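I opened this notebook to record what I looked up in the structure. The entries follow the order in which I worked.

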Amino acid sequence: MPSQFFGLNIAYTGLLASNAALNTTANNISNVHTEGYSRQQVNQQAANAIRVFQTYGCAGAGVETLSIERIRDDFYDGKYWDNKSFVGQYDMKQYDMKQIETYFDDDGKNAGFQTIFDKFMVTGLGELLKDPDSATAKSQFVGFAGALTEYFNGLAGNVEQLQKDVNQEIKLKVDEINSLAGEIATLNKQINTIELAGSKANELRDRRTVLLDQLSEIIDIEVTETPITDSNNPERETGGTRCLVKVAGGQLLVDASEFRGLECVARKSYEKINQTDIDGLYEIYWEDGQRFNLYNAAMTGSLRGLLEMRDGNNGENFTGQISAIGMTPDGRQDTVSITVTKEYLKDLNKCNLSDQGGIINLGNQEFYYDSWELNCTVDGNGEATYTYTFTLSDHEKNSTRITNDRVGKVATIGAELRYQGVPYYMSQMNEWVRTFSAKFNDILTSGVDSNGNPGTYMFTGKLATDDAQFQFPSGTRFDTGSNFSVNVSDDSYYRLTAKNFGIVTALGLDATLLANRYDAGDGVEQNDLLTDLRVLVTDKNKLDYRGASASEFLQCILSDIALNAAGANSLYQTYKDISNSIDTQRISISGVDEDEEAINLVKYQNAYSLASKMIQTLTEVYDRLILETGV
Amino acid sequence: MRITNNIMQRNNLSNINTNKIYQDTLSTQMSTQKKVNRPSDDPVVAIRALRLRSNVTEITQYYSKNIPDANSWLNVTEDALKNLSQIVTNMITNCTKGSNGDLKSTDRQIILEQLGALRDEVYATGDADYAGRYVFTGYRTDTSLSFPAATTQNYEITEQLQNSVIDKVTKVNTGEMLNWNNQNFNTGTIAGINENQISSSEVYRIRLSYNNCEAGFAPTIQVPAKDANGDYIYDADYNVEYTDLAYPTTVMHSYDVGPNGENPYEFVAKNPDSVVFVPETGEMLLGENAYAALMKLKDEASTVADEGQFRVTYQKSDWQSGDLRPEHYYYCESEGIQYNTNYLTAAPERQNIEYDVGFNQTIRVNSTADECFKPGIGREVDDLIATMQEVVDIETVRDNIKNALKSAVGADADVLQKQLAAAEKAYTLAKDKCQKMFEGGITSLQGYLDDANLCITNCGTRSAKLELIGNRMQNQKTTFETLKSENEDVDITEVAINLSSAGLTYQAALMATGKIAQTTLLNYI
């Protein structure tokens with residue numbers, strides 16, 4: 001027989017349980033719009049029954065409140081993070097591609113390449129063809145040519161600025177990773193402090209998930225949480241957990257309460273990879289000095305998107321086989337000769353190799369080089385062999401010397417990044433500028449000007465160091481199809497880029513120096529040379545730019561851009577949609593529903609009222625029993 | 001699936017946003033009238049638009065600029081050619097008058113004056129210009145057709161001629177007669193003038209394009225070379241090689257006399273092997289044998305060369321105002337510059353100025369002086385004037401002798417009587433020659449008139465062709481503009497309908513969201 005007052009205790013547990021449940025409901029309702037909040041639920045169970053040694057067996061002892069836990073499915077978090085890193089990656093790409101698209105676009109209103117080039121080669125040349133000796137027509141033509149060079153200067157400047165912006169953003173992203181990693185490590189510690197004491201750190205866990213959501217947008221993450229067991233008794237869980245966060249395909253970033261920071265180090269001017277790169281592009285290192293592999297194929301996230309924009313070279317990095325190792329004639333520096341077979345390395349017009357020295361990877365060991373030279377030798381069968389000879393830097397930069405056992409090994413510079421980023425567009429512009437200038441100048445210099453003097457060339461570039469312009473002496477030509485040897489420091493067309501593209505100063509001052517005919521004996525109205533210029537830009541057999549003619553430059557490059565931009569847009573949209581649907585799934589499980597909470601409110605209020613009623617009823621029972629029964 | 005109020009709100013918001021994006025796209029299309037706003041919206045349309053815009057620019061250049069310019073050039077040319085045709089016609093009229101045997105000396109004077117004036121005018125017409133550029137001078141639009149002022153500049157000129165140009169010239173040998181006057185008639189050689197001294201000789205000649213040539217340079221005649229088998233010799237470029245004619249040229253001034261006192265014409269008539277160059281008149285006189293050698297050159301069907309051709313190279317340094325500049329006509333060399341080097345090759349290139357008037361379509365806008373303003377016109381008229389002047393001169397001498405005879409007596413009268421007989425003979429011979437020359441002049445001037453008319457016709461044909469091309473370009477322009485518009489411009493009706501239906505959808509979405517977001521169960525507790 002249980003105590004006469006047992007019922008009062010039972011009702012009391014009900015009152016406690018309802019109270020806890022009402023509080024939890026209040027908490028849920030309060031956090032209905034809190035980001036990352038998971039709804040909480042009171043876990044309760046019937047209290048252990050008391051054996052009362054009666055015929056009817058045990059008597060129920062009321063209710064017991066076990067815990068308040070958040071409702072969450074970690075499976076969806078993992079999926080969300082995997083997907084979120086792609087959202088980040090394509091978000092960056094679609095944003096930056098939109099800029100590139102704006103730079104290159106030509107809709108007839110903003111003067112893009114096609115408009116300017118048509119002004120030059122249709123209107124300008126058209127007028128000049130009709131009146132080949134007119135100083136007005138000539139200076140108009142030269143003026144339009146100037147507009148074309150300025151267009152390329154501006155375009156290259158814009159694209160460079162983009163590379164600079166992207167580089168800055170990479171630094172921001174790296175800082176953000178560091179700050180998030182730090183916060184996550186702190187939270188891990190706090191969670192363990194609470195949970196080792198036996199309760200659940202619901203709010204802290206929610207907060208950690210929000211941080212991981214943010215981190216996953218920047219870089220791909222992989223989160224594992226394992227229970228910590230008692231080392232003396234592996235079966236016993238202590239309640240604490242060890243949370244590991246790995247990034248970029250499995251590199252440890254956070255280990256419980258510790259994290260590894262990343263830092264950005266600007267490349268020096270002699271560490272450039274591409275000719276067109278701006279100074280100070282960032283390399284990333286772990287704080288312990290180890291290099292963080294930027295070009296790790298497993299990496300995704302906005303950091304990846306930014307890197308692909310900054311360094312994407314369409315897979316066209318320098319790569320070849322070491323054929324010989326030697327020394328400079330003065331015996332002070334080592335040289336290494338590398339035979340190349342890639343088409344984009346055989347033609348210097350397409351090449352984008354640093355002209356200020358850089359780092360070359362020779363058989364998996366890195367060396368600094370100061371300069372290089374391209375040699376072409378044609379054998380008796382007409383087979384051409386292309387060999388780059390790099391002059392390696394002295395011992396101040398290279399701690400070890402190159403050894404002969406490297407011969408036959410692979411040499412690379414930079415990484416093969418199969419995306420069309422800034423270096424790709426720069427390289428495309430340079431190829432057009434160089435090919436076009438060389439052929440155009442060749443025609444002009446083979447003719448005579450208005451005064452019967454040999455014609456001057458038109459397109460050149462300005463040296464970065466002073467006001468002088470490139471002269472392009474005949475010994476520096478690399479499009480002759482026969483043996484040649486061109487050093488990077490020569491005044492060759494390789495030095496000409498979209499950025500330094502310009503008009504020969506003399507021609508800008510006096511347009512009559514422009515040649516219009518081949519033979520001085522022919523009259524001034526002879527325009528055979530000008531006709532050849534027109535054929536040059538419209539006939540792809542005369543000037544082949546990516547299988548099209550010179551005037552189709554923008555068609556070629558804009559289709560790259562448009563397709564990349566459209567691809568980035570649609571992939572961004574796709575991943576964002578997937579991300580939304582996973583998030584909906586998460587919210588579906590963890591989110592607070594107002595109707596549900598309203599029901600809970602009514603439910604638990606009723607339970608509370610009932611428990612109170614019970615106490616009241618029992619009070620009346622005691623009243624009857626104590627005051628009125630047997631008195 | 002458990003749907004919370006937040007999920008509904010999120011979904012609704014996202015749908016409203018999608019609606020707004022669509023409305024934004026449509027209203028951008030509506031306000032820009034373009035289908036694509038960025039190339040990535042539709043790469044195919046964007047790239048095609050580039051090409052079509054380029055085509056429109058090119059056609060605009062052809063249609064709005066090149067065709068009108070070509071047309072003006074053709075008009076200037078045509079006007080000048082019509083003048084030329086008029087002038088040559090007038091020359092022919094005068095020739096017809098001149099070929100009449102019975103002319104009074106006043107008639108002759110008028111004809112002489114008119115021909116002289118017409119001759120001056122003919123090449124002045126050739127200096128027509130279009131916006132400061134001479135139209136008949138080929139590529140040398142900065143150089144006038146004729147020398148504007150007397151100039152001294154040595155040119156070595158090589159004329160490439162057909163042997164059909166060799167003609168026969170009659171020379172009336174008047175001896176000392178033209179030096180006759182009232183004072184000297186009975187002194188020295190003049191006193192001995194008699195009928196027997198007057199004769200006429202007929203010789204073959206090549207009339208070069210210029211008179212007053214350099215006397216210090218003996219011109220060379222070159223003919224196609226043959227090897228031992230009698231086959232023509234070709235050089236590497238398959239041009240026939242030339243070699244000097246077997247008969248060398250000697251230079252004789254018109255006033256020089258030969259070993260037997262003969263003038264150059266008489267000398268050539270008597271020496272069949274001789275070739276004499278008279279620098280004053282620019283004539284190469286050919287002896288019988290030299291003539292025969294040149295006439296032997298003729299075309300062979302089996303060869304590609306034009307063997308009837310031969311070359312004469314001579315020099316000229318003194319240029320009068322109105323003389324044609326040789327660089328517009330011949331291969332020549334002056335002050336170290338070689339002009340028209342390819343005129344002597346198998347494939348001479350004419351200096352045709354071609355304007356681009358369509359895609360891969362050009363039209364020749366100029367006529368060159370060597371087609372219409374030939375040096376022969378002036379030379380022919382010069383010849384005619386000289387001949388008629390000779391008649392006039394002889395007539396004057398004859399009339400003077402007649403007058404002197406009226407008052408003369410004794411021995412003087414005998415001398416004068418003999419002289420009159422000689423003058424009468426010379427007059428008859430000269431008149432005959434003059435009549436023949438003018439008859440011949442009609443024919444050859446008629447040839448030049450035909451040349452001029454042919455050029456006018458060509459100009460007209462080109463103008464007509466240009467007009468056709470212009471029409472076609474206009475059509476093409478419209479076509480390309482239509483294509484361009486179809487490619488990139490929006491169909492307003494379609495966009496307007498889409499826009500209003502998008503507006504409806506948007507309203508509906510807002511309404512639905514508003515209804516849902518307003519209430520929860522809590523409102524009813």
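The entries below concern the contact between two chains, one residue of chain A and one strand of chain B.

**Entry 1: basis.** I noted at the outset that this is a predicted model.

**Entry 2: extent of the contact.** I asked how many residues each chain brings to the contact. I found 56 residues from chain A and 46 residues from chain B. I then looked up the area that chain A and chain B bury between them, which is about 4,200 Å². Of this area, 52% is on carbon and sulfur atoms.

**Entry 3: polar links across the contact.** I recorded seven salt bridges between chain A and chain B. I took one of the interchain pairs for a closer look: A:Arg534 and B:Asp356 form a salt bridge through their side chains, with 2.2 Å from N to O. For polar contacts, I recorded 30 residue pairs between chain A and chain B, counting pairs with both residues at pLDDT 80 or more.

**Entry 4: the chain A side.** I next asked which helices of chain A supply at least two residues each to the side that touches chain B. They are H2 (74–104), H3 (113–130), H11 (553–590) and H12 (594–628). H11(A) provides the largest share of that side, with 17 residues. By residue class, I found 18 nonpolar, 18 polar and 20 charged residues on the side of chain A that touches chain B.

**Entry 5: A:Asp77.** I turned to A:Asp77, which lies in helix H2 of chain A. Is A:Asp77 buried or exposed? I entered A:Asp77 as buried, because its relative accessibility is 3%, and the cut-off for buried is under 20%. I then looked up its contacts, leaving aside neighbours within four places in sequence, and found A:Arg72, A:Thr209 and A:Arg586. With A:Arg586, the side chain of A:Asp77 makes a polar contact of 2.7 Å.

**Entry 6: strand E11 of chain B.** I examined strand E11 (residues 309–319) of chain B and asked why it is largely enclosed by the rest of the structure. I attribute this to burial, because ten of its eleven residues are buried. I then looked up strands that pair with E11(B). Strand E3 (residues 151–162) of chain B runs antiparallel to E11(B), and ten bridges join the two. In E11(B), B:Trp319 is the residue opposite B:Thr151. Strand E6 (residues 220–224) of chain B also pairs with E11(B) in the antiparallel sense, over three bridges. Here I noted B:Thr220 opposite B:Thr313 of E11(B).

Conventions
Residues are numbered from 1 along each chain as its sequence is written. Chains are lettered from A and ligands numbered from 1 in the order in which they are written. This is a predicted model: local features need pLDDT of at least 70, side-chain atom pairs count only at pLDDT 80 or more; totals for chains, interfaces and linings use all residues. Side-chain values use heavy atoms; hydrogens and water are left out. Contact means heavy atoms within 4.5 Å. Buried area is the accessible area (1.4 Å probe) that two parts lose on being put together, summed over both. A salt bridge is a side-chain nitrogen of Lys or Arg within 4 Å of a carboxyl oxygen of Asp or Glu. A polar contact is a pair of N or O atoms within 3.5 Å; within protein, one must be able to donate a hydrogen and the other to accept it, and residues adjacent in sequence count only if both atoms are side-chain atoms. Helices (H or I, at least four residues) and strands (E, at least two) are DSSP runs, numbered from the N terminus. Ala, Val, Leu, Ile, Met, Phe, Trp, Tyr, Cys and Pro count as nonpolar, Asp, Glu, Lys and Arg as charged, and the others, Gly among them, as polar. Buried means under 20% relative accessible area, exposed over 50%, partly exposed in between (1.4 Å probe, protein chains only). Two strands pair if DSSP finds at least two bridges between them.
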